[in-house]
Every structure is written in C-alpha cells, then in structure tokens.
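Ready to get to know a new structure? Grab a pencil, and let's work through some exercises together.

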Amino acid sequence: MRRHSFCGVPFCFLGRAIMKSLNVNGVEREFAPDEMPTTLSGLLKILDLEAAVAVAEIDGAIVRPEDFAQTELTEGQSIELVRFVGGG
Amino acid sequence: MDKLTIAGRTFDSRLLVGTGKFTSPQVMAEALVASDAEIVTVALRRVDIGDAEDDTLREIDRDRFLLLPNTSGARSAEEAVRLSRLARAATGINWVKLEVTPDPYYLLPDPIETLKAAEVLVKEDFVVLPYINADPILAKRLADLGTATVMPLGSPIGSNQGLKTRAALEIIIEQSSVPVVVDAGLGLPSHVAEAMEIGADAVLVNTAIATAADPVEMALAFKLAAEAGRKAYESGPRAATRNADASSPLTGFLRD
Amino acid sequence: MKDTHADITIGDILKKWQLAADREPWQHDLRRITASDVERALASPPGSYSLRKLAALVSPAAEDYLEQMAQIARQLTIQRFGRTIRLYAPLYLSSYCVNRCSYCGFNRDNTFKRVRLTIDEALADAEILASEGFRDILLVSSEDKRFVDTAYLETLAKELRERFSFIGVEIYQMPASDYRRLFEAGVEGVTLYQETYDRAAYGHYHLGGPKADYGMRLRGPDDMGAAGMREIGLGVLLGLADWRTETLALGEHAHHLIKRYWRSHVSFSFPRLRPACGVSAAEFPHLLTDRNLVQMMLALRLCFGDAGIVISTREPAALRDHLIEIGVTRMSAGSRTNPGGYSGADSSSEQFEVHDQRSPAEIGAMLKERGFDLVWKDWDRAFLNA
C-alpha cells in the first residue's frame, strides 16, 4: 500500500501526526488534516482529473458528475473514479 | 429499406460500431462517421490517476451517436449490474450492452450470470441488450424477461472468424420476438452481409474496423455490406429450386 | 415483462391485417397473385413462415402447383417427423350444451336425447379405447359447465393419466388458471377451434351462449400457452367463411402463439362442415372441395415445418389415405362422436358423422402397409412426472 503525503513532507518525519486518508481507485492517499479535499470536485482538482472522470463511487454509492461539487468527503472513504474508454 | 426499431427508437443504420482498439481517438471518430452507425458502444474503466487522459466520450458526438455502454470486464451478474448503474449515472442513458465474460481466453459470455443480471436490470428500467452465445433457448429466456434485443455471437470476440454459429443464429432469428443483433467475430464485410441476408436485424462490429490498415475505409465497407445484406433479405432471396417428380404424383387423386 | 411485443394481441394482429373483418382487400389481392409469386414462395426455405408466402400458397394461382407443394410437404414432414403417424381417439363426455351454434348437431335448440357420462362411464369408455391400443386420448365435450366442469375434467384426467400417455381436451374456452389446473391434473394439450376468424360470420353462426363472444374465444389459445399447455390445437370450421382468408388468419394466429409461447407446440386441424342433425349444406356457401382442403393443408405445412397436422374421421377413408402421404402427423381412428359411443350407446346423437369407419386395427394395418410407423404414444410418462 503506497502512501503519499500531500503536504510535501515525507511521512516518516511526521511521526505521530494525524493524517487523513482516502482510498482512491484502490490506493491509500494521505492528507494533512487541513488539506484533505472537502468535496469530490476538490479531490479531482488536486489530482488534476477534472476533465477525466465520468462518474464516481463513494463507499459503493454512485455519485453522478453533476453532484461532484456538492458531495462532501469524509476521511476513510473508498472512492472509485471511473471513465469511459473504447470498447466493443 | 425499413428501419430498425429497438425499445421504441428507430434507426436507419443496422450497423453498430464499437470504439475499442483504435490507434487514436481521431481515427476512431472518423471511422464512426464513415460507418454511418447511429449506435456506438463504449466501456467503463477506472481512471488511471498517474496518466489520466481526457474522457473518451469527448471524441464521440453525442448528438449524432447513441452511446451504448457495455459492461465488459464484468465477470459476475453483480459486477455487470454495478457497471450498468455507473454508466447510467454518468450519462443519463439507460441503455446497456450486458456483457458478462468470466472466461479470459475466448471472452465467451456466461449465460447464467447474464440472465441474472438481465433480470435485475430490466426491473431497474434499463434497456438491456444482452451479449450471448448463439443459444436459442437462452435468447427466448432473455426476451421473456424483457430485454430489448438479443446479441448472439458469430464467433469469439476478436477472432474474425465470421458466422461459425450460423445454424443456431438462423434458429434464433426465426424464433425471436425481439431484434437480433449479431455481435462478435464479424471479421469481414461479407460476414456482415451474410448475417443480414439470413435475417439478422443488425450487426455490431469493432475489431475488424479498428484494426484494419485503413479503419475509415473499412468502416465504409462494412456500412455498404450491412446495407447490401439487408436489401437482399428484403428482396426475397430465392433458395435452390425444387423440381416436381412427375413420376409419383401425390395429388393425382384430386383430378378425379 | 416490459417489452412492447407482449402487448400486441392476436386481436390486434388480425385487425391490422384485415383478417377479422372486411376482408375484401384480401380477396382482391389473392386473385392478383401470379405464378411467379407462387414459385417464389415455393423457392423459400420449406417450413418458414411469412404472411406473404402463405398468401401465395393459398391463392388461386397456386392451384396449378399442388403436386409440387405436395412433394415439398412430404419431404419436409418426413425430415421433421419421420414416417410416423400418431393415432388418437376422441372420447365424448357430454352432448348437453348451452350454446346455440347453428352448424352444430349439439345446438341447444336441437331436440334429441342428450347424454352425459359420469366419471365411471367415461372411464369405462376410455378403458375400451386403451384396450384397442390407444395411448393418446382427446376428451371432447360440449359446453356443459354444470356437469363437465374443471373439477370433473381434473378428476377424469387424474384417473386417465395412469392409462394414457397423452391426454388432450377439446372443450369450451376457459381462463388460464383453469387450464393450469387441467395441466397439473395431467392434461397436456387443448384444442380450440376459432370456428371462423371473420367477426361477421362468427356473429352469424353463433347465436347464443358464452361461445357467441368472439373475443373470448380468440383469447383461448393465449391462455393455454400461459398455462403451460404443451400442445395447442388450432382450426376453423371449414365452410363458414372463405377458406383462403381463414387460412391466413390461422397462419397469423399460429405465428403469434409460436413466438409468444415458445415452449408449446402448435397443431392444425381441418374440421370440414358435414351434414349432421339440423345442419343442411345449402346454408353454407363456403364449402370446400377436396382440392381446396389439400391446398390449405399443404400451404400450412410449407409455412410451419414443425406444426402438427391433424385429420379426423370426419373425412372419408380414401381421402385420409392420400392425405397421410403429404404432411399429416396425427389422426383419429375408430371414432365415436356420441357420448358413451364406445360402450354401445345410441349413435343417433352424434356430433358429426364419422366417414372413416375403420377400426384402429384396420388403420394400423393400412399404415404399416404404406411403410409408416404407427405411434401410439410419444414417450413414456412413467419417466416424467408420475
């Protein structure tokens, strides 16, 4: 399980600092408490995925694209970001 | 030529085209236009966060093409239902090509999982187009549940072998009360013409167009083949003539 | 079920094709069919159906092609059924009737000694049939619901299933739930003749009683299919209306049922109006010649390769012997069309005259001589639901 710190400080230096994590597409991502995105749109912005995501799931519940901005995130959630690709 | 009707919508084109395996989104877009298709299939995948491209949908003109999401990748009814719901949430379109393929070698569809998923999806008001092996009984069972079509394969996905299942397809076509869309394995325009000549309502082609040396010209060839086959079917092709055997009259008794 | 196909009824189909009323356009079209149209129909895959094909085959132009049609029909029948003929016997349960159908000997208005069989009497007649070799029995009754009701038929069927591999009924139309009860009791097939698909003719000949309801009659086969009946027998009483358009309606009806109730097997019967008590040939302007009958049978066989073609003892022996060569799959033998007839009851009160009086043994011998396999039963019930 890879862990990334979005405040730029390597994890090991944070010692017992409380990080918030979200599981995004199967990968655990760590955020400093005040830097975790509060909405799904915010998360997409941080990941530079605003144009790429067609629909999402949070803890198994579907979130439509028109609701991304209003959907609030809580730490510990599992998020799936899905797009359309070519297929037969 | 008469129009294709699926779930109450009519279409002029009987050629459905898939969007996978193209070398670039631009080539794909041009090929779709050349094919004159009105329904195109797409698949759903996780976004690759490290290397995100723009959503493929952008290349497809949604005013021109009806998007038909498929559930490729699903290996169980549950996964297929989940993908269907995701697709509908993404686009607002309730059409889905139901594809449940647990077998990674031939990508053959699982009849039992397909039936289970179809039942759930029909109840949730999806327009379901199930991909199946050419099994006439399964086709009837799915139509009974309320699927909008059946989509029996001609031969395994990507194999380009044509109508290996022709005899079974003829039975399905004869017995079906929903449109029959022959899907998978159509490698040449002549395969498509053959499918249409035996009475298929439509065909779906992906690999043969996408992987041709010139996909745009090949798309045009397939379009022409679908039209030729359908025209032939509507014109009443003649089977080989039988000659009466005058030496043993069965109806001579009526002359008296 | 949400698909729109489920909402299309046979009534809608007949209306769309003008086969239920105002059939003038068809009369006109059929006369315009050419030899070339007939040849095209004959060149299409044998056993495949389209209304246009059936029209070509029942047209006046096709009369010159009977021999060719017969050869194809024979070939097709042998391919699908082998050289087998199934023999069945009808068992008449009652001649009491609440309907007033002007063509029928059992018409409520006719005066004659009516008979009803008790369960025991019916079983006695059935035993005689069983001893003659029959394993396929058709229970026939006029609409005598007070006596021959669903419970009576259930009881009878449960007794008979020990002795007979196939029990069919030819009775008044009932709702799907009642057909289902019969099915559970061991009845696997129902025969219900629409008599005529022409609404005007229907009204003209059915003067009273529940059977006067055209729509209800028409729904019968759908209810049979919904109830899971394995065999659905269709037919018109030939002579009530123009046979060519009746055949087209029959074709559309069969096609609808085959698509909708794909687990059921459809058969065609060809009851031809014949004299009986109170019925005169002068009143019926659409009587068929033998030639017409043959053309109709062949047309249906060429369009429905898997359908049963049934010929009863209404037809004379000589004709039946020719018909079996060109597509028949099931025929009755040694029939008595008056209730209790096998046990020796008075034959003056029969529903129709039996014109082929041969015993099952004689028919069996004839079939054997012609190289047919006579089949008394299709399969052994003991291996299935006992």
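## Exercise 1: Around a leucine

Let's begin with C:L139, which touches C:L91, C:L93, C:L153, C:L156, C:I167 and C:V169, leaving aside residues up to four places away in sequence. Keep in mind that this is a predicted model.

**Task.** Find out how many residues the largest nonpolar core has, and which helix gives the most to it.

**Solution.**
Step 1: Start from C:L139 again, one of the residues with the most contacts inside the largest nonpolar core. Others on that list include C:L57, C:M69, C:L91 and C:I137.
Step 2: Now for the count: this core has 114 residues.
Step 3: Helix α12 of chain C, residues 290–303, gives the most to the core, with eight residues.
Step 4: Apart from this core lies another one, of 95 residues, and B:L68, B:I172, B:A184 and B:A202 are among them.
As background, nonpolar side chains tend to be buried together in soluble globular proteins.

## Exercise 2: Where A touches B

**Task.** Work out which strand supplies the largest share of the side of chain A that touches chain B.

**Solution.**
Step 1: Look at the contact as a whole: 22 residues of chain A meet 29 residues of chain B.
Step 2: Pick out the strands of chain A that each supply at least two residues to this side: they are β3 (55–58) and β5 (78–86).
Step 3: The largest share, seven residues, comes from β5(A).
Step 4: Sort the residues of this side of chain A by type, and you get 14 nonpolar, four polar and four charged.
Step 5: Follow β5(A) across to chain B, where it pairs with strand β4 (residues 39–46) in the antiparallel sense, over five bridges. In this pairing, A:V85 stands opposite B:A43 of β4(B).

## Exercise 3: Two positive phi angles

**Task.** Decide whether B:A7 is buried, exposed or partly exposed, and do likewise for B:K21.

**Solution.**
Step 1: Place B:A7 in the loop between β1 (4–6) and β2 (9–11) of chain B. Its phi is positive, about 50°, although B:A7 is not a glycine.
Step 2: Count neighbours: B:A7 has 18 C-beta neighbours inside 10 Å, so it counts as partly exposed. The cut-offs are 20 or more for buried and 12 or fewer for exposed.
Step 3: Move on to B:K21, in the loop between β3 (15–18) and α1 (25–35) of chain B. B:K21 isn't a glycine either, yet has a positive phi of about 70°.
Step 4: Because B:K21 has 17 other C-beta atoms within 10 Å, it is partly exposed.

Note on methods: Residues are numbered from 1 along each chain as its sequence is written. Chains are lettered from A and ligands numbered from 1 in the order in which they are written. This is a predicted model: local features need pLDDT of at least 70, side-chain atom pairs count only at pLDDT 80 or more; totals for chains, interfaces and linings use all residues. Two residues are in contact if their C-beta atoms, placed from the backbone, lie within 7 Å. Helices (H or I, at least four residues) and strands (E, at least two) are DSSP runs, numbered from the N terminus. Ala, Val, Leu, Ile, Met, Phe, Trp, Tyr, Cys and Pro count as nonpolar, Asp, Glu, Lys and Arg as charged, and the others, Gly among them, as polar. Two strands pair if DSSP finds at least two bridges between them. A nonpolar core is a set of buried Ala, Val, Leu, Ile, Met, Phe, Trp, Tyr and Cys residues joined through C-beta atoms within 7 Å.
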